[in-house]
Amino acid sequence: MSEELLEEIKQNMEEEAKEFKILAIETSCDETAAAVVADGRKVLSNVISSQIDLHTLYGGVVPEIASRKHIENINYVIKKALADADCTLDDIDAIGVTYGPGLVGALLVGVAEAKAIAFAKDIPLIGVHHIEGHICANFVEDPNLEPPFVCLVVSGGHTHLVVVEDYGQYKILGRTRDDAAGEAFDKVARAIGLGYPGGPKIDKASQEGDPNAFEFPRAKVTDNIYDFSFSGMKSAVLNELNALEMKGESYNQADVAASFQAAVVDTLVERAMLALEKTGSKKFALAGGVASNTLLRKRMKEECEKRGVKFYCPAPILCTDNAVMIGSAAYYEYKNGITHGLDLNAIPNLKLGERYE
Ligand code: KG4
Ligand code: ZN
């Protein structure tokens, strides 16, 4: 073999062995996040600057404040993500960014930043669907997870039962008709005086409460058994509190929290198990902020194990909004040949996939 040929093979192998590094950016709501992810599954850095303390003052996310804070934070967050990954922009192979769904002003900050870097460094730009990101957190958590599988995405803005047919290929089996699961947690928490953000506070309070103290309804959507409805459940809690107040009776905050949480979790578990029956899938994954709920994780795991289904769930830090999940989703989109031009825009109501039949 000639010296030249040997050199060429060596170079090719080095090229193949080189990790494909994506700098990912997430600014769809109240977290300014950046991460460097190698080959879609390896976390080189994960920086999240949360604005929760600021929004807590107002009892929820204030969109204008979120956008302004993203602008103030984004450059620092990216610098730290690069430094933590021990690299510079010259080592980055592509930029991934959430371009929807979310708050338009907040999304625009991430999208503008991503476009600027992609243009300056002349590297590919990959726009990512936020929900797809949540799903892909599972690929980071478990390097052996491969599609197809069923995924329940439960976040502050979304409740979706998704069939992940392949990388980047999603079919929607069920979705919420009104409030998202996380939104219901946040509203009930506010009503019982636990404050914002409600999910983690209800989770904690429930551990001291009786889940059978109140019988809240487990609403069914009759024309699609895989769909969800949480606004009735939330109203049932508010009506119960009103009725008690009218009678001059007090209530135990932890009991209300535990009973409400049990109702939401029952509903989520029931629909998820129906989805597994319909698809015949032997793999089930949880995703989204509400997936960090202690009871939900425990119940889903138990029910999956009973049915011989393998259960996947990201660590809590990868359930709530982060950029690692966006880096993973961007990698698989890129492998499918998807990149975006510098005309990429924020799409606040971006849709994910077709309906599963
Ligand atoms: O995925 P995420 O960080 O943001 C969105 O994309 O919406 O989800 C935030 C939601 C909030 O509604 C929050 O209350 C809920 O996730 N959440 C929880 C828990 N931790 C966060 N809900 C229930 N139990 C938790 N431990
Ligand atoms: Zn999210």
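This passage looks at a zinc site and at the nonpolar cores of a predicted model.

Take the zinc ion (ligand 2) to begin with. Three residues hold on to it: H130 and H134, each through NE2, and D321 through OD, at 2.0 Å. The zinc ion (ligand 2) has 4 donor atoms, and with angles of 96 to 134° among them, its site comes out as tetrahedral. For four tetrahedral donors, the ideal angle at a metal is 109.5 degrees. Along the sequence, the donor residues follow the spacing H-x3-H-x186-D. That pattern ties together distant parts of the chain: H130 belongs to helix 5 (residues 130–141), while D321 sits 191 residues away, in the loop between helix 11 (316–319) and helix 12 (324–335). H130 counts as buried because its relative accessibility is just 4%, under the 20% cut-off. D321 has a relative accessibility of 13%, so D321 counts as buried too.

Now for the nonpolar cores. The largest one has 49 residues, and L152, F260, L268, F284, L286 and M300 make the most contacts inside it. Both strands and helices give two or more residues to this core, among them strand 6 (149–154), strand 9 (283–287), helix 8 (231–246) and helix 10 (294–306). Helix 9 chips in the largest share, with 12 residues. What does L268 touch, leaving aside its neighbours within four places in sequence? The contacts of L268 are L152, V154, T159, F228, F230, L296 and M300. Apart from the largest core lies another one, made of 36 residues, including I22, C136, I326 and A329.

Terms used: Residues numbered from 1 in each chain as written. Chains lettered and ligands numbered in written order. Predicted model: local features only at pLDDT ≥ 70, side-chain atom pairs only at ≥ 80, totals over all residues. Heavy atoms only, no water. Donors = N, O, S within 2.8 Å, 3.2 Å for Na, K, Ca; no water. Tetrahedral: all angles 85-135°; square planar, octahedral: opposite > 155°, others 65-115°. Helix = DSSP H or I, 4+ residues; strand = E, 2+ residues; numbered from the N terminus. Buried < 20%, exposed > 50% of the residue type's maximum accessible area, 1.4 Å probe, protein only. Core = buried A, V, L, I, M, F, W, Y, C linked by side-chain atoms within 4.5 Å. Contact = heavy atoms within 4.5 Å.
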